[in-house]
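Biologist: Please take me through a single part of this model in detail, and relate that part to the rest of the chain.

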Amino acid sequence: MARLLVVHHSPTPTLRSLSEAVVAGTRDESITGVEVVVREALEAGADDVRAADGFLLGTPANFGYMSGALKHFFDTIFLQSGGDLGQDGSAGQGEASGSHRPYGLWVHGRYDTTGAVRSVSSIVQALSWRQSAEVLEVLGDVDETGLERAYELGGTLAALLSQD
């Protein structure tokens with residue numbers, strides 16, 4: 001059975017609603033053969049990553065960056081999970097592990113999500129994960145459309161893994 005790891009930092013009701021919608025999408029009754037493991041960003045570890053076949057990541061956009069909790073997750077798992085550091089110590093081009101496991105991302109911000117998306121994208125590239133769904137960027141209040149898109153994101157990644 002494929003395993004989908006959902007790692008998120010959802011400290012507000014708005015983010016919790018998006019996270020819940022993503023997880024609900026992963027568990028859509030039409031999708032079979034996928035075990036969904038949900039972890040808070042501060043609780044997820046390298047063992048979770050190594051055991052996963054795909055990933056969904058969720059974060060607020062904080063001061064033009066991903067949340068500190070999601071950054072801590074990446075700092076904790078990076079080298080143990082096949083991350084590639086270039087010769088200068090910066091994130092390399094992601095050829096170290098060759099895993100190319102799929103991932104999806106959702107980001108919520110009040111005014112802008114650009115920096116948060118960019119920061120996550122650069123790290124997952126160095127982990128050799130491949131973006132397998134359009135990034136869900138939600139600004140301001142979350143409406144029904146945002147929740148539907150979150151559900152679709154979860155369903156998309158779970159369905160992708162159920163086909164493997």
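Modeller: Helices here are DSSP runs of H or I with at least four residues, strands are runs of E with at least two, and both are numbered from the N terminus. On that basis the protein chain of this predicted model contains five helices and six strands. Their order from the N terminus is β-α-β-α-β-α-β-α-β-β-α. Of the 164 residues in the chain, 50% count as buried. Among contacts between residues at least 6 apart in sequence, 81% join residues at least 24 apart. The part I have chosen for the close look is helix H4, which covers residues 114-126.

Helix H4 has 13 residues, and the distance from its first C-alpha to its last is 19 Å, close to the 18 Å expected at 1.5 Å a residue. Its buried residues are Gly-115, Ala-116, Val-117, Ser-119, Val-120, Ile-123, Val-124 and Ala-126. These buried residues pack against two strands that precede H4 in the numbering, E3 (54-60) and E4 (102-109), as well as against helix H3 (68-77) and strand E6 (136-139). Gln-125 also lies in H4, but with a relative accessible area of 37% this residue is partly exposed, because the partly exposed class runs from 20% to 50%. The C-alpha atom of Gln-125 is 9.1 Å from that of His-100, and the two residues are 25 apart along the chain. Just after the helix, Ser-128 adopts a positive phi of about 65°.

The same surroundings can be described through the nonpolar core. The largest nonpolar core holds 30 residues, among which Leu-57, Phe-73, Phe-74 and Trp-129 touch the most other members. Strand E1 (2-8), helix H2 (46-51), E3, H3, E4 and H4 each give two or more residues to this core. The contribution of H4 is the greatest, at six residues. A second core, separate from this one, has 20 residues, including Ala-21, Val-23, Val-36 and Leu-161.

The aromatic residues come next. Ring pairs are counted where the centres lie within 6.5 Å, and by this rule there are three aromatic pairs. Phe-55 and Trp-129 make a stacked pair, because their ring centres are 3.8 Å apart and their planes meet at 10°, which falls under the 30 degrees set for stacking. Phe-55 belongs to strand E3, whereas Trp-129 lies in the loop between H4 and strand E5 (130-131), so this pair ties together parts that are 74 residues apart in sequence. Both rings belong to buried residues: Phe-55 has a relative accessible area of 0%, and Trp-129 has one of 6%. Phe-73 and Phe-74 form a tilted pair, with 5.3 Å from centre to centre and 50° between the planes. Phe-73 and Phe-74 are likewise buried. Through ring pairs, Phe-55, Phe-73, Phe-74 and Trp-129 are linked into a cluster.

The charged pairs complete the description. In the whole structure there are five salt bridges. One of them concerns the loop that leads into H4: the side chains of Asp-141 and Arg-110 meet at 3.4 Å, N to O. Arg-110 is in the loop between E4 and H4, and Asp-141 is in the loop between E6 and helix H5 (144-163), so this bridge ties together parts 31 residues apart in sequence. Asp-141 is exposed, at 65% relative accessible area, whereas Arg-110 is partly exposed, at 44%.

Helix H3, against which the buried residues of H4 pack, has a salt bridge within its own length. There Asp-75 pairs with Lys-71, with the closest N and O atoms 2.6 Å apart. The two residues are four apart in H3, about one turn of the helix. Asp-75 counts as exposed at 52% relative accessibility, and Lys-71 as partly exposed at 26%. Another salt bridge joins Arg-39 to Asp-48, with 3.3 Å between the closest N and O atoms. In that pair Arg-39 is partly exposed at 30%, while Asp-48 is buried at 17%.

Definitions and conventions. Residues are numbered from 1 along each chain as its sequence is written. This is a predicted model: local features need pLDDT of at least 70, side-chain atom pairs count only at pLDDT 80 or more; totals for chains, interfaces and linings use all residues. Side-chain values use heavy atoms; hydrogens and water are left out. The expected span of a helix is 1.5 Å times one less than its number of residues. Buried means under 20% relative accessible area, exposed over 50%, partly exposed in between (1.4 Å probe, protein chains only). Contact means heavy atoms within 4.5 Å. Rings of Phe, Tyr and Trp (its six-membered ring) pair if their centres lie within 6.5 Å; planes under 30 degrees apart count as stacked, over 60 as edge-to-face and the rest as tilted. A salt bridge is a side-chain nitrogen of Lys or Arg within 4 Å of a carboxyl oxygen of Asp or Glu. A nonpolar core is a set of buried Ala, Val, Leu, Ile, Met, Phe, Trp, Tyr and Cys residues joined through side-chain atoms within 4.5 Å.
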